[in-house]
Amino acid sequence: MAVRHQLVRRPPREVWAVLADPRRYGEWVVGPSESTPLDAVWPQVGARLRYSVRLGPWSAEGVTTVRHQEPGRELELEAAFKSLGTARILLQLRPWGEETLVVCDEHPLRGLGGKLHNSVTEAALQLRHRGMLARLASLVESRPHPVVHV
């Protein structure tokens, strides 16, 4: 099971705003080149997002489904990618002073990915998460701070 942490220099509500926008997934998730919401209710349970992965001339599509969510705290997804099967991805947002500790926990769930899961694929997931969480932090931290009315 690949678990990785990233400190984001913004409060959880600002990190959640990015996670709750399905059109932004292609900007921070490593792998997909674009994402399209299939349901207007993202990130409610059951909402889906289609994504495309491109490697040179080759491309394929997958679908990610929200399986659980607690607004501002947790988003649990099941990513399905054709014959590779599915993976469970849990993103937890933990307040860390004025910042957010994002914890990403991913593991194969069904299909070929689960059957072939080993220390090499675990290492690849760790590398993917390092890039993904760094992208998420950069995306959130580059957004303007929301105006707070007193």
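Pro95 and Thr100 make a good place to start: Thr100 in β7 is the bridge partner of Pro95. The two strands involved, β6 and β7, run antiparallel and are joined by 11 bridges. Please keep in mind that this is a predicted model. The protein as a whole has 4 helices and 7 strands, and the points below work outward from the β6–β7 hairpin.

**Strand pairing**

- The hairpin of β6 and β7 leaves 2 residues between its strands, and Gly97 adopts a positive phi near 65° there.
- β7 also pairs with strand β1 (residues 2–8), in the antiparallel sense and over 7 bridges.
- In that part of the model, Ala2 faces Glu106 of β7.

**Overall layout**

- Following the sequence, the elements come in the order β-α-α-β-β-β-β-β-β-α-α.
- The protein has 150 residues, of which 43% are buried.
- Among contacts with a separation of 6 or more, 46% are between residues 24 or more positions apart.
- About 8400 Å² of the protein is exposed, and carbon and sulfur atoms supply 56% of that area.

**The nonpolar core**

- The largest nonpolar core holds 30 residues, and those touching the most other members are Val15, Leu19, Tyr25, Trp28, Val102 and Leu136.
- Helices α1 (12–19), α2 (25–28) and α4 (119–142) each give at least two residues to this core, as do strands β3 (48–55), β4 (58–70), β5 (74–81), β6 and β7.
- α4 provides the largest share, with 6 residues.
- Trp28 is worth a look in the viewer: setting aside neighbours within four places in sequence, its contacts are Val18, Leu19, Leu91, Met132, Arg135, Leu136 and Leu139.

**Salt bridges**

- Side chains of opposite charge can pair when their charged atoms come close.
- Searching the whole structure gives 9 salt bridges, and three of them are described here.
- Asp105 and Arg88 form one through their side chains, with an N to O distance of 3.3 Å.
- This pair connects distant parts of the chain, since Asp105 lies in strand β7 (residues 99–110) and Arg88 in strand β6 (residues 85–96), 17 residues apart.
- Asp105 counts as buried because its relative accessibility is 13%, under the 20% limit.
- Arg88 likewise counts as buried, at 17% relative accessibility.
- Shared partners extend the picture, with salt bridges joining Glu76, Arg88 and Asp105 into one network.
- The side chains of Arg24 and Glu27 also meet in a salt bridge, at 2.9 Å from N to O.
- Which partner in that pair is buried, and which is partly exposed? Arg24 is buried, at 18% relative accessibility, whereas Glu27 is partly exposed, with a relative accessible area of 41%.
- Arg73 and Glu70 supply another side-chain salt bridge, at 3.5 Å from N to O.
- Glu70 is partly exposed, and its relative accessible area is 30%.

**To recap**

- β7 is a handy landmark when you turn the model: it pairs with β1 over 7 bridges, is joined to β6 by 11 bridges, and carries Asp105, the salt-bridge partner of Arg88.
- β7 also supplies at least two residues of the largest nonpolar core.

Conventions. Residues numbered from 1 in each chain as written. Predicted model: local features only at pLDDT ≥ 70, side-chain atom pairs only at ≥ 80, totals over all residues. Heavy atoms only, no water. Salt bridge = Lys/Arg side-chain N within 4 Å of Asp/Glu carboxyl O. Buried < 20%, exposed > 50% of the residue type's maximum accessible area, 1.4 Å probe, protein only. Core = buried A, V, L, I, M, F, W, Y, C linked by side-chain atoms within 4.5 Å. Contact = heavy atoms within 4.5 Å. Pairing = 2+ DSSP bridges. Areas by Shrake-Rupley, 256 points an atom, 1.4 Å probe, with all protein chains shown as cover.
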